[in-house]
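Visitor: I should like to take a close look at a single part of this model, and to see how it fits into the whole.

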Amino acid sequence: MERCPLCKTELFLSRSYYTTENDHSVDLPTKVFLNVEQRCRNRQCTHYNRVVDVEKQLVYDEAAAIEEQTGATAQ
Ligand SMILES: [Zn+2]
């Protein structure tokens with residue numbers, strides 16, 4: 001868990017949402033990310049209830065999926 005850079009209090013997860021990259025492009029592989037917003041819980045802190053950090057996790061990568069399907073034989 002990340003900590004607030006100002007008050008060093010552990011952040012809490014406020015919201016998560018998915019975003020995509022290259023979703024509308026045929027040439028580039030589509031990537032799907034899960035974004036988790038993290039906020040400061042310390043009322044004394046100027047960052048209180050603000051999004052301090054967004055953790056971006058890659059949950060789907062079309063390029064990797066294609067690689068798995070074709071295997072090592074593909075040139
Ligand atoms: Zn803080």
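Visitor: Which residue is the bridge partner of F12 in β2? Please describe the surroundings of that pairing in some detail.

Guide: The bridge partner of F12 in β2 is R39. Before going further, please note that the model is predicted.

The strand to begin with is β1, which covers residues 12-21, while β2 covers residues 31-39. F12 and R39 are thus one pair across these two strands. Another pair is formed by T20, whose bridge partner in β2 is V32. Altogether β1 and β2 are joined over 9 bridges, and the sense of the pairing is antiparallel.

The pairing continues on the other side of β2. There, β2 and β3 run antiparallel and are joined by 9 bridges. As an example from this second pairing, K31 stands opposite D61 in β3. Taken together, the strands form an open sheet of 3 strands in the order β1-β2-β3, with antiparallel pairing. The edge strands of this sheet are β1 and β3, the latter covering residues 51-61, and each of these pairs on one side only. On average, neighbouring strands of the sheet are turned by 20° against each other, with direction ignored.

Let us now look at what lies on either side of β1 in the sequence. In the segment before β1 one finds K8. This residue has a positive phi of about 65°, although K8 is not a glycine. K8 is exposed, because 10 other C-beta atoms lie within 10 Å, and the cut-off for an exposed residue is 12 or fewer.

After β1 comes the loop between β1 and β2, in which N22 lies. N22, too, is not a glycine, and its phi is positive at about 60°. N22 counts as partly exposed because it has 13 other C-beta atoms within 10 Å. The loop between β1 and β2 also holds D23. D23 has 11 C-beta neighbours inside 10 Å and therefore counts as exposed. A comparison of sequence and space is instructive here: D23 and T9 are 14 residues apart in sequence, and their C-alpha atoms are 37 Å apart in space.

The remaining element is helix α1, made up of residues 62-70. Of its 9 residues, the number buried is 0, so helix α1 lies largely in the open. Just after α1, G71 takes a positive phi of about 75°.

Finally, these parts may be placed within the whole chain. The secondary structure of the protein chain comes to 1 helix and 3 strands, and along the sequence these follow the pattern β-β-β-α. Of the 75 residues of the protein chain, 7% count as buried. The C-alpha trace spans about 60 × 25 × 15 Å along its principal axes. The radius of gyration of the protein chain is 18 Å, whereas a compact globule of 75 residues would have one near 11 Å. As for contacts between residues at least 6 apart in sequence, 47% join residues at least 24 apart. The pairing of F12 with R39 therefore belongs to the antiparallel join between β1 and β2, within the open sheet of 3 strands.

Conventions. Residues numbered from 1 in each chain as written. Predicted model: local features only at pLDDT ≥ 70, side-chain atom pairs only at ≥ 80, totals over all residues. Helix = DSSP H or I, 4+ residues; strand = E, 2+ residues; numbered from the N terminus. Buried ≥ 20, exposed ≤ 12 C-beta atoms within 10 Å, placed from the backbone. Pairing = 2+ DSSP bridges. Axes fitted to C-alpha atoms, helices over the stretch in contact; angles between N-to-C directions. Rg over C-alpha atoms; globule rule 2.2 N^0.38 Å. Contact = placed C-beta atoms within 7 Å.
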